[in-house]
Amino acid sequence: MTSTMCDDSPEQKRPNFSLVNNSATNGISRTSNVTQLKSGGTKKLVIKNFREKPKLSDDYQAETWRRLQESVIAIQTSTRISHCLEELYQAVENMCSYKMAPQLYDNLKDVIEMHVRDNVEPYIRGVQDRKIFLKEMEGCWQAHCHQMILIRSIFLYLDRRYVLQTPSVPSIWDMGLDLFRKHVIGQQLAQTRTVDGLLMLIESERQGDVVDRSLLKSLLRMLSDLQIYQDVFEHRFLQATDALYTAEGRRLMQELEVPEYLAHVDKRISEENERVLHYLDVGTRWALIHTVERQLISEHLSSILGKGLESLLDNNRIQDLTLMFNLYNRVKNGLIELCSQFNSYIKKKGRIIVIDPEKDKSMVQDLLDFKDKMDNIVLSCFGKNEKFVNSVKEAFEFFINQRPNKPAELIAKFVDSKLRAGNKEATEEELERLLDKIMVIFRFIHGKDVFEAFYKKDLAKRLLVGKSASVDAEKSMLSKLKQECGGAFTSKLEGMFKDMELSRDINVAFKQHTSNLKSNFESSIDLTVNILTMGYWPTYPLVEVNLPKEMVQYQEIFNKFYLGKHSGRKLQWQPTLGHCMLRATFENGKKELQVSLFQGLVLLLFNDLGQLSLEEIKTGTNIEDGELKRTLQSLACGKARVLHKSPKGKDVEDGDKFEFNSEFANKLFRVKINQIQMKETNEEQKATEERVFQDRQYQIDAAIVRIMKMRKTLSHQLLVSELYNQLKFPVTPVDLKKRIESLIDRDYMARDKENTKQYNYVA
């Protein structure tokens, strides 16, 4: 389409008003008053306003509209405009100035409506193929928009003055949209075919085909501009989306494994977001994505978790778990369901670790590894979400107490193995991190008194035998326990360390004392004594053994020395945890043997006799039968065999005979012989458990008396409830009932005579 521009040369310059006749005045009579200054001064041109409004010729309106109509039709038919655009614009301005705007607007509307009705509508109706129809529709729309832009540029003065001042009249652009909506897309057939074609293209794209996105964008923008996008397209589009993903979700849940299904869902959501970005209206995003999430995720929440969560967790599939969390976070109750299943998984796997007695040796390490794994998943996959952090804590606390007492005992022994000398598995920094992890597991245990009992027993062995790997590590662990459980929990453990420090000072003073003795006392024994406060340390059975005369003499000197400084105290010698260093001479040279006191007593007997029977050794040492057999077994059947046993065998039986092995050889000068008596026996373990049980009974009794003394009268149910709140270890109603009965028998409390379920405190 071409248009003619006006020639602004002085010779051909036209007046402002378009010519409607051949008169020089263009139908308007005008006068001008020009004043010229005197010569010699600056010339100044003064133009004054009309004294009266110019008059139009009778046929001005009709002639001007004819020229405007010709131009509009030229634009619509894409032919050359024969009039100057500036003249056309000026003609519109003149007509508006002379109150011809309403008629001009109506005439323009009639011309546009006639063109749309007579030319565009029949053309659209004639096309049958959907894709061709969409392209033709898009072409008609683009042409209509282009035409309306050009038409509006000519009638801009009408649009800005008349339309703006008349609220009931739509703008020229809106009028064009109304006419296109009414005569083209507003027709049911054209509307249906357009929407069907759009849905067909989108479905093809969802199936993987390449479609013309620019066509989709243009037509959907057309629907938005015509303000029928929501009414005629969006509702049907969302229905089609819902139907597609409903069927797809059910089918793929059967065909795909969970990781592949999650990847497909994520891909689908990304694709739909791209569609919004490229051609869909932005207002459709929420409803569209919500539909995909509902049909592919919400409808299959439990099925996805039941089918694949356990496998993902077992195999530590970090990326897949992260994707699952992100997808579940998009839907209502998704994280609640995921957190619940995650919690059930931890309880199930954790219970397997704790319950099986065959896995006791590796239980604590397995718990630490399992906790690290779950923490890493929560951190890396679940964004350290508070719900999941708390769920891990709750699950661990639940399953670790499914087996009373044993986890606490094994944790104490695990700590012992890590704090012993000779543990070269870790540096100090690694050991510190390990202790921190152990404390996390320790927090979940209800029966912390069991841990305390076993930890105290093992700590005593480490301190007395000098097997502690690091004093700093020991005190660090003690500090962690104190911070976690309070000063009362660690007071006895701290007392053990104080005893060891005081013992060092006492031994220094004792050595000074023996060196100053004026008597003829001489001995090759270097005696070191640890003074232990009975209340701090574990209870050990009192054992009487036959000690060498020199050692007995040394004990008597120490007794006099110590009691002389601390009158009123009583010393009770405990040989069970003693250890010593013996110098021995073999055919291959001299050795130093690092042995327990019992091992040393046995070996010293062979200084006088070359061969001894089991019975003779027992008589000479007075060591208990079981302990003696284990001691001889370590000396004659272990790796360092300083004794020969006959008959040969791994076990020591009655009637066996032993003789000194003078041919003993070892590449080390100082040989450590395993101290079997240091290993915990079943009897010792049961004794420790019995002490814990006894301590718990005392605590229950004290709590009952304390509550009853304060409340005076209390029902059985309320008393039990109060006890559960105060006691820090697990207890059953049966245990509580037994302790209540015991206190009633001992007259600390009595049953109410009128109500047997109520108790009264007895002062």
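## Exercises on two sheets, a pocket and a buried serine

L582 has L593 as its bridge partner in β4. Before we go on, note that this is a predicted model, where local features need pLDDT of at least 70, side-chain atom pairs count only at pLDDT 80 or more, and totals for chains, interfaces and linings use all residues. Residues are numbered from 1 along each chain as its sequence is written, and side-chain values use heavy atoms, with hydrogens and water left out.

**Exercise 1.** Work out how β3 and β4 are joined, and place them in their sheet.

*Solution.*
- Step 1: find the elements. Strands (E, at least two residues) and helices (H or I, at least four) are DSSP runs, numbered from the N terminus.
- Step 2: look at the pairing. Two strands pair if DSSP finds at least two bridges between them; β3 (residues 579-586) and β4 (residues 589-596) run antiparallel and are joined by eight bridges. C580, for instance, stands opposite V595 in β4.
- Step 3: follow the chain from β3 to β4, and you meet a hairpin of two residues.
- Step 4: widen the view. The open sheet has three strands in the order β3-β4-β8, and its pairing is mixed. Because β3 and β8 (670-672) are at the edges with a single partner strand each, one side of each has no neighbour in the sheet. From one strand to the next, the twist averages 30°.
- Step 5: add the helix. α23 (residues 597-605) lies across β3 and β4, at about 135° to β4. Such angles run from 0 to 180 degrees between N-to-C directions, with axes fitted to C-alpha atoms, for helices over the stretch in contact.

**Exercise 2.** Describe the sheet that holds β9, β10 and β11, along with the helices packed on it.

*Solution.*
- Step 1: the three strands make an open, antiparallel sheet ordered β9-β11-β10. Its edges are β9 (713-715) and β10 (749-751); each has a single partner strand, so one side of each lacks a neighbour in the sheet.
- Step 2: β9 and β11 (residues 758-761) are joined by three bridges, and S715 has Q758 in β11 as its bridge partner.
- Step 3: α27 (residues 716-726) packs on the sheet and touches β9, β10 and β11, its direction making about 90° with that of β9. α28 (residues 733-745) touches β10 and β11, at about 105° to β10. Contact means heavy atoms within 4.5 Å.

**Exercise 3.** Find which helix gives the most to the lining of the second largest pocket.

*Solution.*
- Step 1: a pocket is an open set of points on a 1 Å grid over the protein atoms alone where a 1.4 Å probe fits, with protein on both sides within 12 Å along at least five of seven lines; lining residues have an atom within 4 Å of a point.
- Step 2: 27 residues line this one, with D449, E452, A488, F489 and Q699 nearest its centre.
- Step 3: α19 (448-465), α20 (471-485), α21 (487-515) and α26 (682-711) each supply at least two lining residues. With eight residues, α26 gives the most.

**Exercise 4.** Is S71 buried or exposed?

*Solution.*
- Step 1: locate S71 in helix α1 (residues 60-76).
- Step 2: apply the cut-offs: buried means under 20% relative accessible area, exposed over 50%, partly exposed in between (1.4 Å probe, protein chains only). S71 has 2% relative accessibility, so it counts as buried.
- Step 3: list its contacts. Leaving aside neighbours within four places in sequence, S71 touches I81, H83 and L88.
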